[in-house]
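Subject: Structure handover

Hello,

Here is the structure I said I would pass on. My notes follow below it, sorted by topic.

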4 protein chains.
Amino acid sequence: MELGFIGLGTMGAPMVLNLLKAGHQVRVWNRSKAPLDELARAGAQPVDSPIQAAEAEVLISMLGDDAAIRSVFIDAKALDGLAAGSVHVNMSTVSVALAKELAALHAERAVAYVSAPVLGRVDVAAAGNLNILASGPADALIRVQSLFEVLGRKTWHFGEGAELACVAKLSANLMIAAAIEATAEASILAGGYGISRGTFIDMITSTLFAVPVYQGYGKLMVDKQFEPAGFKLSLGLKDIRLALEAGEAAQVPLPFASVLKDNLLDGMAHGQGDQDWASLSEVSARRAGSK
Amino acid sequence: MELGFIGLGTMGAPMVLNLLKAGHQVRVWNRSKAPLDELARAGAQPVDSPIQAAEAEVLISMLGDDAAIRSVFIDAKALDGLAAGSVHVNMSTVSVALAKELAALHAERAVAYVSAPVLGRVDVAAAGNLNILASGPADALIRVQSLFEVLGRKTWHFGEGAELACVAKLSANLMIAAAIEATAEASILAGGYGISRGTFIDMITSTLFAVPVYQGYGKLMVDKQFEPAGFKLSLGLKDIRLALEAGEAAQVPLPFASVLKDNLLDGMAHGQGDQDWASLSEVSARRAGSK
Amino acid sequence: MELGFIGLGTMGAPMVLNLLKAGHQVRVWNRSKAPLDELARAGAQPVDSPIQAAEAEVLISMLGDDAAIRSVFIDAKALDGLAAGSVHVNMSTVSVALAKELAALHAERAVAYVSAPVLGRVDVAAAGNLNILASGPADALIRVQSLFEVLGRKTWHFGEGAELACVAKLSANLMIAAAIEATAEASILAGGYGISRGTFIDMITSTLFAVPVYQGYGKLMVDKQFEPAGFKLSLGLKDIRLALEAGEAAQVPLPFASVLKDNLLDGMAHGQGDQDWASLSEVSARRAGSK
Amino acid sequence: MELGFIGLGTMGAPMVLNLLKAGHQVRVWNRSKAPLDELARAGAQPVDSPIQAAEAEVLISMLGDDAAIRSVFIDAKALDGLAAGSVHVNMSTVSVALAKELAALHAERAVAYVSAPVLGRVDVAAAGNLNILASGPADALIRVQSLFEVLGRKTWHFGEGAELACVAKLSANLMIAAAIEATAEASILAGGYGISRGTFIDMITSTLFAVPVYQGYGKLMVDKQFEPAGFKLSLGLKDIRLALEAGEAAQVPLPFASVLKDNLLDGMAHGQGDQDWASLSEVSARRAGSK
């Protein structure tokens, strides 16, 4: 297929490599030029503007946040490059409000807009094992399914509305954040009695919670290894804010998310914004007098 | 070994069967007489009072809560049956305060007091696969290790203080409760946008949270199958209260536990006390206008 | 002085009457035409567009929310009516972000922008007894002080930044909301023991909290008289959201505000959006099983 | 009347002086002997044991907490001094559970038990201007009303149950704590934008919240004058815990109280236990990075 791909960060670049390996032609654009050489050597075709990248049968975007999407698609007019009948698959995690706005803007141009945020970090993306949370027009989802099979191991469908896959992704991230906070509170409670945090977290992540989410974040807490961040606390705050906004729009109280927001802000106020969000444990420890 | 065993409920009875199979002699007592016949047929020796059960080399107790422990050991004087030099292994989940009080009462009688609450439900107990969280005097822990190997697959040691294993257990239960609440909030948020709760929970428990805790409670939420309860909401409230009390005594703020307590009370006030605590999802749903 | 006044709702109309009585000339504009006749009879000069109203020495605006301000000043270009050297006094309660944006837009036009939200309801406005929370350029504040003396009994200065008076107003509203929630929780707790809510609220508002805020909202709770609303729950939610946004931008955790947001959403989800926000007591009562 | 009075602390001593001035005979007992001389000079009759103090027509007690009450009435057997037909007026703030327990113990002895905690600090007690929150048997309340008129300016009746006045007192204290926390959050939010906390608190306590509770605590926050404490943060924590226990027993979620408990624990963990509970503002400030 003739593809465009916008956003060649740590996630986007290995995804492009997988698409190339699968035999697709990919026009690529990124704000910084750093990733382009390697991708060009692998067969990708760098272009000079997001508009040119968008002139494809299917455009995939993988950008950091709402502001980056707006900057590329609205300010830099990538939208204008999309031809009627093409599909735009936005794999970024964006707000419910932006998903709805983009769906409307694409509909005006007769372009199908598919939301497809993913679960999985860089190594999972490189292995083509992402879980893809998808929503959008049914026929567009069928058209891009073969691409999803290259990029991920499973696609989960949430319906027609562009916002639905975003809501599912934000809900999943809320659960990750809650797992971190729960591990933090429980281990600080144990630590308050002199129990080694490492022993407690080893026990809990070998028994009830023997999955990478708990094991990985638990280890970061024990080792106090918060930099370089796998996922920055400041980005965690953004995702929790988006979950709360989604909750507000649907009139759903989310008291755990509210606690998380306050604790993430506490972390921000103490210079933890660039640390991994596992450092929520430091917020708990600090409040307890650094036990 | 000559053992005593007090508390033959759904957990205690299969534990006694495992001890008998391993060749131990077990004097058993229970408040209600219902479980005694089967255990007697398997070789256990029913006795008429908790004092008689306590006259053993090692006494194991598995009772429901602080009140049951007080009733048996203090009011009904089971403590008086314990000979100097014997060991009492209390596998019940009790409060930090009671653990400390019992340790002192046993020390007065030169009886070693071991806290050993467990992770695992009835089927795990029957299979001898419990995870045993233990704390107490080091020599006593060595003496009872062979029993722990019969009852469980792994023993986790938390130190000398009787309260330490209790704190670890309460911290673990706090994490279970938080997992339930997080799943509830996230799935109600998804549901607020018309996403099927089943689809969302299937996705999340097949990917990030593919462990029995999330899968089991998630399924109960989707099926709204809250009775008969695997673990009653009223008991969950008790454990969260004990975690909060432990936090207060150690000056550890626990905002997730605080949210859980309020939501469990909301459940109690709506007649959910005898339901499985997975019905926290109904609290979230109700607050959101039953989305 | 030659004044313009935009926004002639329940607050704006009596404020214009006071300005007219004090001898000022006032050009008035409102989206709906209903209030214009009475004000014209009192000497105001209705104009056809917000741009015309803005062509004045000092323009005062009193609109409902950020969206209304944007609609009038940006979409309907009222900004373009403001001459260099004039002053715009915005007495609406707006977000910190919009206050900063407006200050910048006015500065480009060499127009002084003053934030001046008020404390006080309709009767206080009519009596010219508002408390005016003001921030903006010092010389502009001096120029409009005589107007503030007509409209209010006291002006409180918070500094130069346009956002400062907004922050002070949002902080004050947070305190009002907290007073309502505290009264609700305390009276439902008392009610949970069979104490008459009326007796409890009478006691507390005759002793420790003998001020109109508590007395007024307490009476509404006792009488369950939530309609017509003095201040709608949906508007309360908006103000708490703005306070939380202000907190997030300044990295200030606000756990009471977080509880308020969740409870206000609970109210929204149960059809209380048009009720007075005193009906937070119904949220508390409902959660407690309608005690 | 022949009275006994137990508990001659900062509140009890001036209350005894008022009773003496009104012509009553008062037998007094206190754990420490320090206050006895002054009271004896004023006409009180010191006795050697709480039992002797209890041998009176009406016994009044004013002690610090549940533990002090238990120590005096149960351990030191003051209960045994109460003659059938006498009345015990307990003006201490105690838990709901203890109030019920004491009511039952008194009933066994045919002694009427009246709960009568008060609103007001030392100066109010000295002026005989306390607000007295009372509950208990109707005839006993009538018998002691003349004493209440000496000690306070108004008696508020909450019914027959001994626990009712305690619940009302705990609910009132919850409202005070919430007022402190709300003032703290709002002023730290303002401070986060560079607004002087003093200016903000001056404004809010001159307008919406012009009552001594807000004015007094607000001033302590601005001056950071937390010692000597008017009411210690550790005692505030105790009262909030009692309110939460009362809420749990009646199945009433109290999310503000939950936030308060976590924040008070944060204060305890940072050495603020002996400071005035107005230092909740320091908890908010610390979480916000000491803005």
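**Strands in chains D and C**

In strand β4 (residues 58–61) of chain D, Val58(D) and Ile60(D) point one way while Leu59(D) and Ser61(D) point the other, and all are buried. In general, side chains in a regular strand alternate between the two faces of the sheet. Please keep in mind throughout that this is a predicted model.

β4(D) has a parallel partner in strand β1 (residues 2–6) of chain D, with four bridges between them. Within that pairing, Leu59(D) of β4(D) has Gly4(D) opposite. Strand β5 (residues 87–90) of chain D also pairs with β4(D), again in the parallel sense and over four bridges. Here the residue of β5(D) that stands opposite Leu59(D) is His88(D). Leu59(D) thus stands opposite Gly4(D) and opposite His88(D).

For the sheet as a whole I have the order from chain C. Six strands form an open sheet there, in the order β3-β2-β1-β4-β5-β6, and the pairing is parallel. Its edges are β3 (45–46) and β6 (112–115) of chain C, each of which pairs on one side only. Inside the sheet, strand β1 (residues 2–6) of chain C and strand β4 (residues 58–61) of chain C are joined in the parallel sense by four bridges. One bridge partner of note is Ile60(C) in β4(C), which is matched with Phe5(C).

**Chain A against chain B**

Chains A and B each bring 60 residues to their contact. The size of an interface is often given as the accessible area lost when the parts come together. For chain A and chain B the buried area is about 5,200 Å², and carbon and sulfur atoms give 80% of it. On the chain A side, Met175(A), Tyr193(A) and Phe256(A) lose the most area to chain B, and together they make up 17% of what that side buries.

Polar links across this interface are as follows. There are zero salt bridges between chain A and chain B, and seven residue pairs are in polar contact, both residues being at pLDDT 80 or more. The elements of chain A that each supply at least two residues to the side touching chain B are β8 (130–134), β9 (152–157), α8 (162–191), α9 (197–206), α10 (212–223), α11 (233–249) and α12 (255–269). Of these, α8(A) gives the most, with 19 residues. By class, the side of chain A that touches chain B holds 43 nonpolar, 11 polar and six charged residues.

Phe256(A) is worth opening in the viewer. This residue sits in helix α12 of chain A. Is Phe256(A) buried or exposed? Phe256(A) counts as buried because its relative accessible area is 1%, and the cut-off for buried is under 20%. Its contacts beyond four places in sequence are Ala178(A) in its own chain and, in chain B, Ala178(B), Glu181(B), Ala182(B), Glu185(B), Phe256(B), Val259(B) and Leu260(B). Met175(A) lies 81 residues from Phe256(A) in sequence, with 9.5 Å between their C-alpha atoms.

**Chain D against chain A**

This contact involves 11 residues of chain D and 11 residues of chain A. About 670 Å² is buried between the two chains, with 39% given by carbon and sulfur atoms. Ala269(D), His270(D) and Arg287(D) supply 66% of the area that chain D buries against chain A, more than any other three residues.

Two salt bridges link chain D and chain A. One salt bridge joins the side chains of Asp266(D) and Arg287(A), at 2.7 Å from N to O. Six residue pairs are in polar contact across the interface, both residues at pLDDT 80 or more. On the side of chain D that touches chain A, α12 (255–269) and α13 (280–287) of chain D each supply at least two residues. The largest share, four residues, comes from α12(D). That side of chain D comprises three nonpolar, three polar and five charged residues.

**Asp266 in chain C**

Asp266(C) belongs to helix α12 (residues 255–269) of chain C. With 1% relative accessibility, Asp266(C) is buried. Its side chain makes a polar contact of 2.7 Å with the side chain of Arg287(B). Leaving out residues up to four places away in sequence, Asp266(C) touches Pro253(A), Arg287(B), Val283(C), Arg286(C) and Arg287(C).

Regards

Key. Residues are numbered from 1 along each chain as its sequence is written. Chains are lettered from A and ligands numbered from 1 in the order in which they are written. This is a predicted model: local features need pLDDT of at least 70, side-chain atom pairs count only at pLDDT 80 or more; totals for chains, interfaces and linings use all residues. Side-chain values use heavy atoms; hydrogens and water are left out. Contact means heavy atoms within 4.5 Å. Buried area is the accessible area (1.4 Å probe) that two parts lose on being put together, summed over both. A salt bridge is a side-chain nitrogen of Lys or Arg within 4 Å of a carboxyl oxygen of Asp or Glu. A polar contact is a pair of N or O atoms within 3.5 Å; within protein, one must be able to donate a hydrogen and the other to accept it, and residues adjacent in sequence count only if both atoms are side-chain atoms. Ala, Val, Leu, Ile, Met, Phe, Trp, Tyr, Cys and Pro count as nonpolar, Asp, Glu, Lys and Arg as charged, and the others, Gly among them, as polar. Buried means under 20% relative accessible area, exposed over 50%, partly exposed in between (1.4 Å probe, protein chains only). Two strands pair if DSSP finds at least two bridges between them.
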